[in-house]
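This briefing describes the fold, the helix packing and the main pocket of one protein model. Please consult the sequence and the structure shown below alongside the points that follow.

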Amino acid sequence: MKFFIDSADVKEIRVALEMGCVDGVTTNPSLLAKVGRPFEEVIREIATLVDGPISAECISTKAEDMVKEGIALAAWHPNVVIKIPMGVEGLKATRALANKGISTNVTLVFSPLQALLCAKAGASFVSPFVGRLDDIGQEGMEMVRQTVAIFDNYGFATEVLVASVRNPIHVLHAALAGAHVATIPLAVLKQLSEHPLTTLGIERFLADWEKVPKP
Ligand code: G3P
């Protein structure tokens, strides 16, 4: 299973990299707005740090414009993956970019049937947003389970990239479902490393070490 970090903040990305857990990065306009830096500058800097797919999102709404934008974004670095919003226009752009050999990540996916269309259109990744479905009282992870099952049934090469991850349980269930990737905020990545018994165990070992005679 691959872990991507869901962040446009290079400081956060550096920390996650130091933890040895990062296979790629996902960004989106909201994450970029938080860091307040120019899009191209951020993506190019991330590309110097991370050796793996880096999702950069299109803001166009028409397929033709998305394709032009995607070609321009892909020129920034070979690891850039073009993030395309789900929908008819997004699917058209995904197919056109796939035909040109450009990797895509279809975002804002909220059903297994949307995900199936993305795979048919040749997406490299599909991003089911689990947290946002949970927010409206639907079980986001069920969409992931069904998507993984459909892709397995037919041997689609498209990777299931679980997004809108809000807590460690999302990561656990994504892993159990056989999702190829989870994109994880740094705070959740840190939570995954923690356990109260680990903290207590370290405290006890250090306390006992004080009692060991020193030469
Ligand atoms: O990767 C998509 C993710 O950033 C969305 O997360 O928490 O805004 O639903 P959230």
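In what follows, Ala, Val, Leu, Ile, Met, Phe, Trp, Tyr, Cys and Pro count as nonpolar, Asp, Glu, Lys and Arg count as charged, and the others, Gly among them, count as polar. The model is predicted. Its 8 strands close into a barrel with parallel pairing, and its largest pocket has a volume of about 390 Å³.

**Barrel**

- The strands of the barrel follow the order β1-β2-β3-β4-β5-β6-β7-β8.
- From one strand to the next, the twist averages 30°.
- Strand β3, residues 54–57, pairs with strand β4, residues 80–85, in the parallel sense over 4 bridges.
- Within this part of the sheet, Ala56 stands opposite Ile82 in β4.

**Helices on the sheet**

- Helix α4, formed by residues 63–74, packs on the sheet and touches both β3 and β4; the direction of α4 makes about 160° with that of β4.
- Helix α8, formed by residues 140–154, lies across β5 (104–109), β6 (125–128) and β7 (159–162). Relative to β7, helix α8 runs at about 170°.

**Contact between α6 and α8**

- Helix α6, residues 112–120, packs against α8 at an angle of about 35°, and the two axes are 9 Å apart.
- The crossing of these two helices, α6 and α8, is right-handed.
- On the α6 side, the contact involves Pro112, Ala115, Leu116 and Ala119; on the α8 side, these meet Met143, Gln146, Thr147, Ile150 and Phe151.
- By class, the residues of the contact of α6 with α8 comprise 7 nonpolar, 2 polar and no charged.

**Largest pocket**

- The volume of the largest pocket is about 390 Å³.
- Among the 22 residues that line the largest pocket, Asp6, Asn28, Leu31, Lys34 and Pro185 are the closest to its centre.
- Helices α2 (29–35) and α10 (186–193) each supply at least two residues of this lining.
- The most is given by α2, with 4 residues.
- The lining of the largest pocket divides into 9 nonpolar, 6 polar and 7 charged residues.

Terms used: Residues numbered from 1 in each chain as written. Predicted model: local features only at pLDDT ≥ 70, side-chain atom pairs only at ≥ 80, totals over all residues. Heavy atoms only, no water. Pairing = 2+ DSSP bridges. Axes fitted to C-alpha atoms, helices over the stretch in contact; angles between N-to-C directions. Contact = heavy atoms within 4.5 Å. Left-handed = near helix turned anticlockwise from the far one by under 90°. 1 Å grid on protein atoms, 1.4 Å probe; cavity = no way out; pocket = protein on both sides within 12 Å on 5 of 7 lines; lining within 4 Å. Points joined across faces, edges and corners; volume = space filled by probe spheres on them.
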